[in-house]
Amino acid sequence: MKIKDLLEVEEDGDIFHGFCPQLPGVHVAGDTEEETLNLLTEATLQHILVLLKTGYPIPDQVILDDEIFD
């Protein structure tokens, strides 16, 4: 799955805020940029898995491959 280009991490005071504009509701916060990106990657993956399970459409910007099911 190729999602890295969809993820945004911004410094927000003493923490970092991460979100995915194509997936409303996917927001995380972390102490470092790396931690935030890791949390955001996992949150995005989980969100996409729920979309797949429930039959909701996946945004066109997200490219799925067999890795998501490993």
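Helices (H or I, at least four residues) and strands (E, at least two) are DSSP runs, numbered from the N terminus. Keep that in mind as you look through these views of a predicted model, in which local features need pLDDT of at least 70, side-chain atom pairs count only at pLDDT 80 or more, and totals for chains, interfaces and linings use all residues. Residues are numbered from 1 along each chain as its sequence is written, and side-chain values use heavy atoms, with hydrogens and water left out.

**View 1. The protein chain contains 1 helix and 3 strands.** Starting at the N terminus, you meet the elements in the order β-β-β-α. Of the 70 residues, 29% count as buried; buried means under 20% relative accessible area, exposed over 50%, and partly exposed in between (1.4 Å probe, protein chains only).

**View 2. Strands E1 and E2 form a hairpin.** E1 (residues 8-12) and E2 (residues 15-19) pair in the antiparallel sense over 5 bridges; two strands pair if DSSP finds at least two bridges between them. With 2 residues between the strands, the hairpin has Gly 13 at a positive phi near 70°. Look also for Val 9, which stands opposite Gly 18 in E2.

**View 3. Strand E2 also joins strand E3.** The two run antiparallel and share 4 bridges. Here Gly 18 turns up again, with Val 28 in E3 as its bridge partner. His 17 lies in E2 and is partly exposed, at 23% relative accessibility. From His 17 to Ala 29 it is 12 residues in sequence and 4.6 Å in space, C-alpha to C-alpha.

**View 4. Side chains alternate along strand E3 (residues 27-30).** In a regular strand the side chains alternate between the two faces of the sheet. In E3, Val 28 and Gly 30 point to one face and are buried, whereas His 27 and Ala 29 point to the other and are not buried.

**View 5. Leu 40 sits in helix H1 (residues 33-54).** Leu 40 counts as buried because its relative accessibility is 0%. Its C-alpha is 7.7 Å from that of Val 26, and the two residues are 14 apart in sequence.

**View 6. Glu 8, Glu 10, Glu 11, Asp 12, Asp 14 and Glu 33 form a negative surface patch.** Patches are made of residues with over 30% relative accessible area and no salt bridge (a side-chain nitrogen of Lys or Arg within 4 Å of a carboxyl oxygen of Asp or Glu), with like charges joined within 9 Å. E1 gives the largest share of this patch, 4 residues. Glu 11 lies in E1 and is exposed, with a relative accessible area of 63%.

Methods. Patches are made of residues with over 30% relative accessible area and no salt bridge: like charges are joined within 9 Å, nonpolar side chains (Val, Leu, Ile, Met, Phe, Trp, Tyr) within 5 Å. Accessible areas come from the Shrake-Rupley method with a 1.4 Å probe; for residues, only the protein chains shown count as cover. Lys and Arg count as positive and Asp and Glu as negative; His and the chain ends are not counted. The place of a charge is taken as NZ of Lys, CZ of Arg, CG of Asp or CD of Glu.
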